[in-house]
Structures are given as structure tokens and as C-alpha cells.
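These are my notebook entries on a single model. I began with the strands, then turned to charged pairs, nonpolar cores and one helix.

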Amino acid sequence: MKILFDHNLPRKLRRDFFPHEVGLTKELGWAGLGNGFLLSVAQSDFDVLITADANIYHQQNVALYDIAVVVLRVYDNSYESIVPLLPDTMQMLEQVQVGEIHFVYVDEALRQSDQRRGKGPFAKKP
């Protein structure tokens, strides 16, 4: 599977996604692209975009793109904070489909916070 890491993920996380092929928006010169344009450009070369940007849910209708999105919900974007999500993220990659967006939470407290605030997958779309 070809995975694209958004600019907000640590580079060294790439090695933890073996055997998947991982590209970085920074290396491709795409770090400055807005989410819509990034999805549009990435869909031809990648199967999944992994990001820590929970706002992508509100900003883009991922169903319009030939790429899936996995949002890692952590308190900060450090490598040490993201590593605990790896088992759930790898499992998610086995089932995610093009045009879908999925959230992987570091803990239940953050998931409940998103739910209370109507954020991410708990937001009401217009």
C-alpha cells in the first residue's frame, strides 16, 4: 500500500509502517498545499493519506477523492505520542476504503472530548 504522510507527522515514523511504501509531503514539495489540493494531487499516486489534522473532516468531502484518509488523534504530534497508535492504525489500513475517513484515538478521553464538542467524526455535516 502506498501511504502519504501529511507534513504534521514526524519523518521517523515512516520506518514503523514497513512493509508499506511511505511518501512525505515535505519530500514531494507538497507541504504547503491546502487539504483539498493535496488530496487531489495525492489520489493518483497514493492509497491513503495519514494526518494529525482533525479539521480535514470539516474542510473536505473525502468521498469525492480516490484516496482514503486516516486521522491520528493525539495530544501532540511527537513520535512518542503517535507510536501507541501504530497497532490500531495498521489494522485500520487493512480495512480502509477509498473515499473514507477514519479516526484513530490515542485514548478514550480524547475520543469522548471530540464527541462532546461535536468534532471530527462526531461533527454534523451540512
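**Entry 1: the sheet.** What is the order of the strands in the open sheet, and is their pairing parallel or antiparallel? I worked on a predicted model throughout. I found 5 strands in the order S2-S1-S3-S4-S5, and the pairing is parallel. I noted strand S2 (21-24) and strand S5 (101-105) as the edge strands, each of which pairs on one side only. I then looked up the twist: neighbouring strands of this sheet are turned by 25° against each other on average, direction ignored.

I next examined the pairing of strand S1 (residues 2-5) with S2; the two run parallel and are joined by 4 bridges. Within this pairing, I recorded Lys2 opposite Glu21 in S2.

**Entry 2: salt bridges.** How many salt bridges does a search of the whole structure find? I obtained 5, and I followed up some of them individually.

I looked first at Glu27 and Arg11, whose side chains form a salt bridge at 3.8 Å, N to O. This pair links distant parts of the chain, since Glu27 belongs to helix H1 (residues 25-28) and Arg11 to the loop between S1 and S2, 16 residues apart. I checked accessibility as well: Glu27 has 44% relative accessibility and therefore counts as partly exposed, whereas Arg11, with a relative accessible area of 53%, is exposed.

I then found that Glu27 also meets the side chain of Arg14 in a salt bridge, at 2.6 Å, N to O. Because Arg14 lies in the loop between S1 and S2 and Glu27 in helix H1, this pair ties together parts that are 13 residues apart in sequence. Arg14 is partly exposed, at 28% relative accessibility.

A further salt bridge joins the side chains of Arg111 and Glu108, at 3.0 Å, N to O. Both residues sit in helix H6 (residues 108-117), and they are 3 residues apart, so about one helical turn separates them. I noted both as partly exposed, Arg111 at 28% relative accessibility and Glu108 at 40%. Returning to shared partners, I recorded that Arg11, Arg14 and Glu27 are joined into one network by their salt bridges.

**Entry 3: nonpolar cores.** Which residues have the most contacts inside the largest nonpolar core? I listed Phe5, Phe17, Ile50, Val70 and Leu72, in a core of 22 residues. The elements that give two or more residues to this core are S1, S2, strand S3 (48-51), strand S4 (68-73), helix H4 (79-82) and helix H5 (86-95).

I took Phe5 for a closer look. Leaving aside its neighbours within four places in sequence, its contacts include Leu13, Arg14, Phe17, Val22, Leu49 and Ile50. I also found a second, separate core of 19 residues, with Leu4, Leu49, Tyr57 and Phe103 among them.

**Entry 4: helix H5.** Which residues of H5 are buried? I recorded Leu86, Thr89, Met92 and Leu93. They cover an arc of only 120° around the axis, so they lie on the same side of H5. I then asked which elements these buried residues pack against. I found S1, S3, S4, H4 and S5. On the face of H5 turned away from its buried side, I noted the exposed residues Pro87 and Glu94.

Note on methods. Residues are numbered from 1 along each chain as its sequence is written. This is a predicted model: local features need pLDDT of at least 70, side-chain atom pairs count only at pLDDT 80 or more; totals for chains, interfaces and linings use all residues. Side-chain values use heavy atoms; hydrogens and water are left out. Two strands pair if DSSP finds at least two bridges between them. Axes are lines fitted to C-alpha atoms, for helices over the stretch in contact, and angles run from 0 to 180 degrees between N-to-C directions. A salt bridge is a side-chain nitrogen of Lys or Arg within 4 Å of a carboxyl oxygen of Asp or Glu. Buried means under 20% relative accessible area, exposed over 50%, partly exposed in between (1.4 Å probe, protein chains only). A nonpolar core is a set of buried Ala, Val, Leu, Ile, Met, Phe, Trp, Tyr and Cys residues joined through side-chain atoms within 4.5 Å. Contact means heavy atoms within 4.5 Å. The arc is that of the directions from the helix axis to the C-beta atoms.
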